[in-house]
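These are my notebook entries from a first reading of a structure that was new to me. I wrote them in the order in which I looked things up.

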Amino acid sequence: MNTGVAVVTGATSGIGEATARHLAGLGFDVVIGARREGRLREVAESIGARWEMLDVTDSASVDRFCAKIDECRVLVNNAGGALGLDRIEDASVDEWRAMYDVNVLGTLRMTKKLLPLLEASGDGHVVTVGSIAGYEPYVRGAGYNAAKFAERAFSRVLRMELLGRPVRVSEIDPGMVETEFSTVRLHGDAERARAVYRGMTPLSADDVAECISFVVTRPPHVNIDALVVLARDQSGATTVYRREDGS
Ligand code: NAP
C-alpha cells in the first residue's frame, strides 16, 4: 500500500481526529492542523502525528502550515462545519460568510498550496469532507447547504481539471455524525445539540474515518469520486427515523 504523508485539517475533534488516528494506524506519516493548540498537541501525541497550528480561513496561517510540509501524498480537507439554523429571512450574513470561508475557501487554500506536492508524490489524493447537505437543501439549512453544494462543485471541477495527472479527487459526504458539529452549529447549546440525535443512532466519527481510510487505500488507478454515507436511521437530509422512547 502507498502510504506516505497525509495532511488532515480540522483534526482536534470529530471526523478529522478519527481520520488522523485511522491513517496513522495504517502507517501514514500524519500531519494535523486546527486552531486549538492544546487539543492539537494532545491528539498528535496520542497518535504519533506531527502538528502545526492552522486556521484554514487565514491565508498566512495556511502558508505557515504548508511551509513545514515538504512531501504530501494525501490531503484530507475536513475542517469545516455549520453555523446557525436560521430561515433565510433571519439569516446572518456574517455566519454565511464564515461558513463559505471555512468550508469552501479553506478547501481551496489548502488544495492550491499542496497540489504541487501531491502531484510530485506520483499518487496524490485530495479527499474533501462534504455532506448530504451538499445534495439536498433543507429548511433552515440554506447557508450550510450553499457552502456544501459549493464544496461539491469544487471537488467535481478539480477532478475534471486533474484528469491525466497523478492526483485522485474524492468526496466523502456523510449524513448525521455525532461530533462537536451540532454544538458548534447551535452556538454551544449542548442540550439542543444532544436533541439532534435523540431516538436515532447517528454515525460515529470512526464510521466516517473508516470510509476515508478505504478511499485512500485503493490502488492508484481507482478513484472513488463520491461516497454518500448515512446512518441506517437516516435516508435523506431530513428524513430520519426516531424511536418513540427516545433511546
Ligand atoms: P467538529 O467535531 O466540530 O470538528 C470540526 C473540526 O474543524 C475541528 O477540529 C475544528 O478545530 C476544525 N476547524 C473549524 N474551523 C477551522 C478553521 N478555521 N481552521 C482549521 N480548522 C478548523 O465537526 P465534524 O462533524 O467532525 O466536522 C468535520 C467535517 O465534517 C466538516 O467539514 C463538516 O461540515 C462535515 N460534516 C459533518 C457532519 C456531522 O453531522 N457531524 C455531517 C456531514 C459533514 P478547531 O476548532 O480546533 O479549529
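Which residues is Gly175 in contact with, leaving aside its neighbours within four places in sequence? I looked this up and noted Ile132, Leu203, Val229, Leu230 and Gln234 as the contacts of Gly175. Before going on I reminded myself that this is a predicted model.

**Entry on Gly175**

I placed Gly175 in the loop between strand 6 and helix 6. Its relative accessible area is 16%, and because buried means under 20%, I entered Gly175 as buried. I then followed one of its contacts, Val229, and found that Gly175 and Val229 are 54 residues apart in sequence, while their C-alpha atoms are 6.3 Å apart in space.

**Entry on the sheet**

In what order do the seven strands of the open sheet come? I read the order as 3-2-1-4-5-6-7, with parallel pairing. The edges are strand 3, residues 50-53, and strand 7, residues 226-229, and each of these pairs on one side only. For the twist I noted that neighbouring strands of this sheet are turned by 15° against each other on average, with direction ignored.

I next went through some of the pairings. Strand 1 and strand 2 pair in the parallel sense over five bridges, and strand 1 is joined to strand 4, also running parallel, by three bridges. Val7 was a useful residue to follow here, since it stands opposite Val31 in strand 2 and opposite Leu75 in strand 4. Strand 4, residues 74-77, pairs in turn with strand 5, residues 124-129, in the parallel sense over four bridges, and Asn77 has Thr128 in strand 5 as its bridge partner.

**Entry on what covers the strands**

Are the two faces of strand 4 covered or open? I found both covered, with Val74 and Val76 buried on one side and Leu75 and Asn77 buried on the other. This fits the rule that side chains in a regular strand alternate between the two faces of the sheet. Strand 2, residues 29-34, is mostly covered as well, with five of its six residues buried.

I then looked at Met53, which lies in strand 3. Met53 counts as partly exposed, at 34% relative accessibility. Beyond its neighbours within four places in sequence, Met53 is in contact with Ala34, Arg35, Glu37, Leu40, Ser61 and Phe65. I also checked Met53 against His187, and the two are 134 residues apart in sequence and 23 Å apart in space, C-alpha to C-alpha.

**Entry on helix 4**

Which strands does helix 4 lie across? I traced helix 4, residues 93-120, across strand 1 (5-9), strand 4, strand 5 and strand 6 (167-174), and it runs at about 170° to strand 4. Helix 4 has 28 residues and reaches 40 Å from its first C-alpha to its last, close to the 40 Å expected at 1.5 Å a residue. I nevertheless found a bend of about 50° in helix 4 at Leu114, and I noted that a proline, Pro116, follows within four residues. Just after helix 4, Gly122 takes a positive phi of about 85°.

**Entry on helix 5**

Helix 5, residues 142-161, packs on the sheet and touches strand 4, strand 5 and strand 6, its direction making about 155° with that of strand 6. Within helix 5 I looked at Ser155, which counts as buried at 3% relative accessibility. Not counting residues up to four places away in sequence, Ser155 touches Thr128, Val169, Ser170 and Glu171.

**Entry on the aromatic pair**

How many aromatic pairs does the count come to? I arrived at one aromatic pair. The ring centres of Tyr144 and Phe181 are 5.4 Å apart and their planes lie at 55°, so I entered the pair as tilted. Tyr144 lies in helix 5 and Phe181 in helix 6, residues 181-185, so the pair ties together parts that are 37 residues apart in sequence. I closed by checking accessibility for both partners: Tyr144 is buried, with a relative accessible area of 7%, whereas Phe181 is partly exposed, with a relative accessible area of 26%.

Definitions and conventions
Residues are numbered from 1 along each chain as its sequence is written. This is a predicted model: local features need pLDDT of at least 70, side-chain atom pairs count only at pLDDT 80 or more; totals for chains, interfaces and linings use all residues. Side-chain values use heavy atoms; hydrogens and water are left out. Two strands pair if DSSP finds at least two bridges between them. Axes are lines fitted to C-alpha atoms, for helices over the stretch in contact, and angles run from 0 to 180 degrees between N-to-C directions. Contact means heavy atoms within 4.5 Å. The expected span of a helix is 1.5 Å times one less than its number of residues. The bend at a residue is the angle between axes fitted to the seven residues ending there and the seven starting there. Rings of Phe, Tyr and Trp (its six-membered ring) pair if their centres lie within 6.5 Å; planes under 30 degrees apart count as stacked, over 60 as edge-to-face and the rest as tilted. Buried means under 20% relative accessible area, exposed over 50%, partly exposed in between (1.4 Å probe, protein chains only).
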